[in-house]
Amino acid sequence: MRKSKFLTLVIAIMLVCSLAFVLTACGGDKDDDAETEKPAKPCRHDWVQTFDENNHWMQCNKCEEKKDAVAHTYVDDYHDTKHYKACTDCKYTKDADKHTKDWVVENDLHWEKCKHCNFTSVKAPHKFDAEGDCICGMTLAEHTHTPEEIVSFNGISHWHNCVGCNQQADVSVNHTIENGKCTGCAYFEGSTHVIYNENIVTGVDIDAILAEFEANKDPEDKDAELAPLNIVVSNANGKFVIDTVEGGAFANRDKVKILSVTLPETIKVIRSSAFSNRAELETINFAGTMEQWKKINKMYNWDNGTSENLKIVCKDGVIAKDGTETPTEPTEPEQPDTEQPDITNPDTTEPTDPDTTEPEQTEQPVLPPIEENEDNQEQTEN
């Protein structure tokens, strides 16, 4: 009996608590059919500058609310291709027009300037074409060279290039070599270190050349660099007659430059790509004749990538890369100098008088000593 009363009391308390919770959640004694009003959440604006042809302002990307509308104010502005008026406070521009350019020329440099704005192009040195004309209107004859401080050089001589046109600005001077180095520039005269495999020349020992250069250069000369090499292929070793240039023997390996290669007249074969990509190679000296050079078996792409100005200098002429032949003109032997009588004015020549002419001196006989003559005279008398 007591247990049932207790359970009844507990259930009653639970019902009262539940009713109180429901009433509190529903707003007390409001009518269940009444609508619940909730306050609107404020916009978290994402402001972006916006403009038209007259004004610029800030506008929210989410709710499109606007603020701070201001009229444009302009300044003149430009970039590489055109000039225009630009607003000082936004990205709006107007009245864009292409530059109208004129050349501005100094002795060494030229650049372009717009007639209507402050645009100027980058200053650049002149570039003269084959006729001696630059795009700016200056001619090579009007240009005065300004030698640069750096000394340029090749395997034979050194000179100064011009600051303004990058052409040679002064006379080339042949190297003066002391201890393997030129006294007037950074040229270093290293050995060629040609590599042979019996009768075949296979290339150049580049590592040996560079090691020799490092060992002999002045450590305080930061501008020192290995000059283009003049390679000489020779039969001087006396063991084999060199008759073949191996494929790729003198191809470019980006470590040394080769200015010239001298080949003996015994060469019969030049294999593929032997001089490949040697754009700096100017001369191949061949000890034989032009006819001998033409008979050499020159395989596919033997001179691929060499300069268009490459020439083969033979003992009787020069062969250009395009096959043009220029024979060497034979030199006439010098005539011995013989003194000829002056007959330019024969009327003033004095005649010779036979009576006054001194007789030619004849060789006198050698007489024996006086003592011997006396003895001979005595014997005659007796």
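**Exercise 1. In this predicted model, find where R278 lies in the chain, decide whether R278 is buried or exposed, and list what surrounds R278.**

Solution. Start with the surroundings: once neighbours within four places in sequence are left aside, R278 is in contact with F250, A251, N252, R253, V256, K257 and I258, and also with G305, T306 and S307. Next, place the residue along the chain, where R278 falls in the loop between strand 20 (269-270) and strand 21. The relative accessible area of R278 is 2%, and because buried means under 20%, R278 is classed as buried. Finally, look for a polar partner: the side chain of R278 reaches the backbone oxygen of V256 at 2.7 Å, and V256 also appears among the contacts of R278.

**Exercise 2. Determine which strand holds Q59, whether Q59 is buried or exposed, and which side chain makes a polar contact with the side chain of Q59.**

Solution. Q59 belongs to strand 2, which covers residues 55-60. The relative accessibility of Q59 is 18%, so with the limit for buried set at under 20%, Q59 counts as buried. The polar partner is W57, whose side chain makes a polar contact with the side chain of Q59 at 3.0 Å. Beyond four places in sequence, the contacts of Q59 are D46, W47, V48 and T50, together with E64, E65 and K66.

**Exercise 3. Describe the largest nonpolar core by its members that touch the most others, by the elements that supply it, and by the contacts of V245.**

Solution. This core has 34 residues, and those touching the most other members are V245, F250, L263, I270, F275, I284 and W293. Among the elements that each supply at least two residues of this core are helix 2 (206-216), helix 3 (290-295), strand 19 (258-263) and strand 21 (283-286). Taking V245 as an example, and not counting residues up to four places away in sequence, V245 touches V201, F250, L263, I267, V269, I270, R271 and A274. Another core, of six residues, lies apart from the largest one and includes F128, C134, C162 and C165.

**Exercise 4. For the largest pocket, state how much space lies in it, which residues lie nearest its centre, and how its lining divides into nonpolar, polar and charged residues.**

Solution. The space in the largest pocket is about 440 Å³. Of the 19 residues that line this pocket, V151, S152, F153, D223 and E225 lie nearest its centre. Strand 10 (residues 147-153) gives the largest share of the lining, five residues. By class, the lining of this pocket comprises ten nonpolar, two polar and seven charged residues.

Note on methods:
Residues are numbered from 1 along each chain as its sequence is written. This is a predicted model: local features need pLDDT of at least 70, side-chain atom pairs count only at pLDDT 80 or more; totals for chains, interfaces and linings use all residues. Side-chain values use heavy atoms; hydrogens and water are left out. Helices (H or I, at least four residues) and strands (E, at least two) are DSSP runs, numbered from the N terminus. Buried means under 20% relative accessible area, exposed over 50%, partly exposed in between (1.4 Å probe, protein chains only). A polar contact is a pair of N or O atoms within 3.5 Å; within protein, one must be able to donate a hydrogen and the other to accept it, and residues adjacent in sequence count only if both atoms are side-chain atoms. Contact means heavy atoms within 4.5 Å. On a 1 Å grid over the protein atoms alone, a cavity is a set of points where a 1.4 Å probe fits but cannot get out, and a pocket is an open set with protein on both sides within 12 Å along at least five of seven lines; lining residues have an atom within 4 Å of a point. Grid points are joined across faces, edges and corners, and a volume is the space filled by probe spheres set on the points. Ala, Val, Leu, Ile, Met, Phe, Trp, Tyr, Cys and Pro count as nonpolar, Asp, Glu, Lys and Arg as charged, and the others, Gly among them, as polar. A nonpolar core is a set of buried Ala, Val, Leu, Ile, Met, Phe, Trp, Tyr and Cys residues joined through side-chain atoms within 4.5 Å.
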